[in-house]
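Subject: Structure handover

Hi,

Here is the structure I promised to pass on. Have a look at it first, and then read my notes underneath.

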Amino acid sequence: MAGETLDTNDDHPQLHVGAHVHDREQDRDAPLVVVGTPTARADEYKCNDDATVAEYNKDYPADDRVVEAVFAQRTTVDIERVQRYAYPRSRLQLETSVHDQEGDDWWR
């Protein structure tokens with residue numbers, strides 16, 4: 001569901017579409033951009049080959065919420081055409097949030 005809190009502890013703040021995150025397991029300098037926050041858990045979310053996100057990420061909790069993200073470049077003109085990747089929430093570190101983390105007044 002939109003706006004759902006994925007994780008409320010301080011190490012894993014809530015992520016919203018548009019946030020820039022970093023994959024804790026990659027040395028890439030380019031941040032990922034969050035493009036989806038489905039309600040599925042890692043052990044429920046199936047990838048294209050029918051394996052789950054949890055099966056690909058055995059070092060992370062199987063009940064983590066899934067976050068969909070893309071490696072968008074400054075030359076990207078259509079985010080819908082960029083390959084989406086699904087990650088367990090705890091694998092991603094928030095770099096830059098685009099919304100107020102304190103409340104629901106970000107839109108006013």
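Below is what I found, going from the overall fold down to single residue pairs.

First, a caveat: this is a predicted model. The mean pLDDT of the chain is 82, with 81% of its residues at 70 or more. Over residues 1-10 the pLDDT drops below 50, although that stretch still has 18 contacts in the model beyond near neighbours in sequence. Among the secondary structure elements, helix α1 (residues 53-56) has the highest confidence, at a mean of 97, and strand β5 (residues 92-96) the lowest, at 91.

On the fold: there are five strands and one helix, in the order β-β-α-β-β-β along the sequence. Of the 108 residues, 36% count as buried. The chain exposes about 7200 Å², and carbon and sulfur atoms supply 43% of that. Looking at contacts with a separation of 6 or more, 56% are between residues 24 or more positions apart.

Strand β1 (residues 20-23) has two partners. With β2 (residues 32-36) the pairing is antiparallel over two bridges, and His 20 has Val 33 as its bridge partner there. With β5 the pairing is also antiparallel, over four bridges, and Asp 23 stands opposite Leu 92. In a regular strand, side chains alternate between the two faces of the sheet. In β1, Val 21 and Asp 23 are on the covered face, while His 20 and His 22 are on the uncovered one.

Now the inside. The largest nonpolar core has 10 residues, including Leu 15, Val 21, Leu 32, Val 34, Ala 69, Phe 71 and Leu 92. Both β2 and β3 (66-70) supply at least two residues of this core. A second, separate core has six residues, among them Ala 40, Ala 42, Val 53 and Ala 54. Back in the first core, Ala 69 has contacts, beyond four places in sequence, that include Leu 32, Val 34, Gln 83, Tyr 85 and Tyr 87.

Tyr 85 is worth a click too. This residue is in strand β4 (residues 85-88) and touches Val 67, Glu 68, Ala 69 and Phe 71, leaving out residues up to four places away in sequence. Its C-alpha atom is 6.2 Å from that of Val 70, 15 residues away along the chain. Is Tyr 85 buried or exposed? Neither, quite: its relative accessible area is 37%, and because that lies between the 20% and 50% cut-offs, Tyr 85 counts as partly exposed.

Finally, charges. Side chains of opposite charge can pair when their charged atoms come close, and the structure holds six salt bridges. Three to look at:

- Arg 91 and Glu 25, with the closest N and O atoms 3.8 Å apart. They are 66 residues apart, Arg 91 in the loop between β4 and β5 and Glu 25 in the loop between β1 and β2. Arg 91 is buried at 11% relative accessible area, whereas Glu 25 is partly exposed at 42%.
- Glu 68 and Arg 84, at 2.5 Å between the closest N and O atoms. Glu 68 is in β3 and Arg 84 in the loop between β3 and β4. Glu 68 is buried, at 11%, and Arg 84 is partly exposed, at 37%.
- Asp 78 and Arg 81, at 3.3 Å, N to O. Asp 78 is partly exposed, at 30%, while Arg 81 is exposed, at 73%.

Shared partners also join Asp 23, Glu 25 and Arg 91 into one salt-bridge network.

Cheers

Methods. Residues are numbered from 1 along each chain as its sequence is written. This is a predicted model: local features need pLDDT of at least 70, side-chain atom pairs count only at pLDDT 80 or more; totals for chains, interfaces and linings use all residues. Side-chain values use heavy atoms; hydrogens and water are left out. Buried means under 20% relative accessible area, exposed over 50%, partly exposed in between (1.4 Å probe, protein chains only). Contact means heavy atoms within 4.5 Å. Accessible areas come from the Shrake-Rupley method with a 1.4 Å probe; for residues, only the protein chains shown count as cover. pLDDT is the predictor's confidence in each residue, from 0 to 100. Two strands pair if DSSP finds at least two bridges between them. A nonpolar core is a set of buried Ala, Val, Leu, Ile, Met, Phe, Trp, Tyr and Cys residues joined through side-chain atoms within 4.5 Å. A salt bridge is a side-chain nitrogen of Lys or Arg within 4 Å of a carboxyl oxygen of Asp or Glu.
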